[in-house]
Amino acid sequence: MRKVALVGAGISKFGVRRASYRDLIWEAGKACFDSVAGIKPRDVEGLVVGSVMPERTAFQSHISSMAAEALGIKPSVLSARTEHMCASGTVGIRYAYAFIAAGLADLVMVLGVEKLNQPSSDEAILNMGTGVDREWEAAFGLTAPPCFALAAQRHMAEYGTTEEQLGLVGVKNHTHASKNPNAHFGKGATLEQVLGSRMIASPLRLFMCSPITDGAAAVIVASEERARALTDRPVWIRGTGQALDGFQLTSLHEDYAHWPALKRAADAAYTMAGVRPGDVDLAEVHDCFAIAEMIAYEELGFCKKGEAGAFVAAGRSDYGGDVVVNPRGGLIGCGHPLGATGVAQAAEVFVQLRGQAGPRQVADATIGLTHNNSGMGEHVVMIYGSEPA
Amino acid sequence: MLTQKEFFEKAGAGELQAVRCSRCGALAIPPRAFCPECSERAWQPAPLSGDGTITSYTVIRVAPRGFAGEVPYAIAAVHMKEGVSLLGRVVDIPFDKLKVGLAVRFRPLTRNGQTAVGFGPR
């Protein structure tokens with residue numbers, strides 16, 4: 001297989017935006033093209049768009065063609081939309097990677113976009129419920145927060161994890177987001193604020209949850225030859241892994257504090273990349289809820305099973321620790337515009353591994369990891385490096 | 001083979017049905033087309049007792065459209081006596097009594113003609 005790298009990245013402002021779906025595509029697409037000299041939209045051979053529910057939120061399907069036209073791209077090799085709930089953007093990057101590694105394309109843009117906010121917030125929450133099983137879960141009032149609340153409650157019962165430790169994830173990611181001008185939230189948060197915030201689904205409080213957010217992000221993925229011609233600092237895709245145990249929570253008979261599919265996805269990515277957990281300098285993990293970040297520490301091998309609470313409390317997932325987790329502010333601080341999230345994580349790794357992350361820079365970062373879950377039984381992991389594998 | 005429609009009709013009448021693979025003996029709920037263990041499609045109905053214990057739970061304070069009038073409400077993951085697990089809405093158990101390990105029993109919940117899984121006290 002050929003080597004593949006990111007050569008450009010850009011994101012829109014994330015938040016409750018008075019911008020249309022198309023405006024968000026324009027904003028991220030422009031930022032991405034502006035990040036790399038020497039590429040115009042007409043040079044791009046393919047476009048993959050990760051987006052989950054524009055049919056409900058923007059009354060628009062046929063997304064990849066619409067986005068290509070909006071950005072002046074005329075795909076000649078690849079045009080597709082990816083929908084994999086919260087992992088949609090990263091799944092799109094994997095498509096671009098595979099096409100380029102196989103020699104079918106040399107230059108592909110991957111764009112993720114979502115317009116989630118609606119005039120009434122209960123409709124926005126209802127829409128998020130399309131991601132769980134209609135008959136078996138949504139039918140009795142289940143949405144995303146209670147799914148992860150079940151994991152949190154189980155982790156607390158099994159390992160003695162505390163509400164304060166969950167809260168520390170919220171503090172860290174809100175604090176990181178305060179240094180990211182594109183994040184949904186910019187004010188940071190104290191432990192007192194997090195633990196005093198409103199209960200959403202026990203034990204998860206508002207500041208331990210990602211908000212409903214609009215946003216878009218884009219990256220340009222290139223073959224080795226094109227990457228070296230376009231930039232002296234490509235960010236290489238070194239490894240990738242994806243594994244699923246099941247869609248319905250009710251079909252996952254392992255207890256919810258254990259996410260074996262994440263461990264399998266991570267092991268596949270580490271093996272392919274030729275790196276170990278201890279080599280990772282920064283990780284953009286899927287903190288849709290604080291507990292998800294904590295279980296990710298364990299399944300990604302940053303700490304032992306059951307020790308995530310102590311790991312975050314000791315600052316080992318922050319600057320100066322073992323690995324900086326979610327330097328851009330994570331989903332809790334940046335927001336989670338579903339399809340845009342995985343691409344925005346890749347965009348953060350891109351600037352970090354090039355030393356361009358400004359006040360968020362992780363010193364001497366050479367290996368970055370991204371992780372998404374789209375349910376507790378579905379995981380995708382990417383590993384990037386400043387040098388190829 | 002037990003269809004989803006048949007499952008929920010029986011559930012609405014108070015009967016909780018899993019399926020058992022007649023090739024490898026695996027028990028599955030919800031009912032499905034292929035055996036997750038051996039990929040066979042020879043299912044036999046396997047009624048469950050309805051008894052189980054809570055493995056995790058949460059009290060929901062913010063609900064989607066259609067459920068706002070019901071908050072707060074609790075849901076639980078329940079390990080059934082026969083070895084499978086099931087998610088459901090908790091009914092008739094005070095929130096302060098909820099804990100991991102609490103014994104519960106299946107209770108159908110029918111609203112707007114649609115039946116969902118619920119659990120009440122044993």
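Me: How many residues of chain B are in contact with chain A?
Reply: This is a predicted model, in which local features need pLDDT of at least 70 and side-chain atom pairs count only at pLDDT 80 or more, while totals for chains, interfaces and linings use all residues. Residues are numbered from 1 along each chain as its sequence is written, chains are lettered from A in the order in which they are written, and side-chain values use heavy atoms, leaving out hydrogens and water. With contact taken as heavy atoms within 4.5 Å, 33 residues of chain A are met from chain B by 34 residues.

Me: What area do chain B and chain A bury between them?
Reply: Buried area is the accessible area (1.4 Å probe) that two parts lose on being put together, summed over both. Carbon and sulfur atoms carry 62% of the total for chain B and chain A, which is about 2,900 Å².

Me: Which residue of chain A meets Arg65(B) in a salt bridge?
Reply: A salt bridge requires a side-chain nitrogen of Lys or Arg within 4 Å of a carboxyl oxygen of Asp or Glu, and the count between the two chains is two. For Arg65(B), the N to O distance is 3.3 Å, and the partner is Asp122(A).

Me: Is Asn372(A) buried or exposed?
Reply: Buried means under 20% relative accessible area and exposed over 50%, with partly exposed in between (1.4 Å probe, protein chains only). Because its relative accessibility is 1%, Asn372(A) counts as buried.
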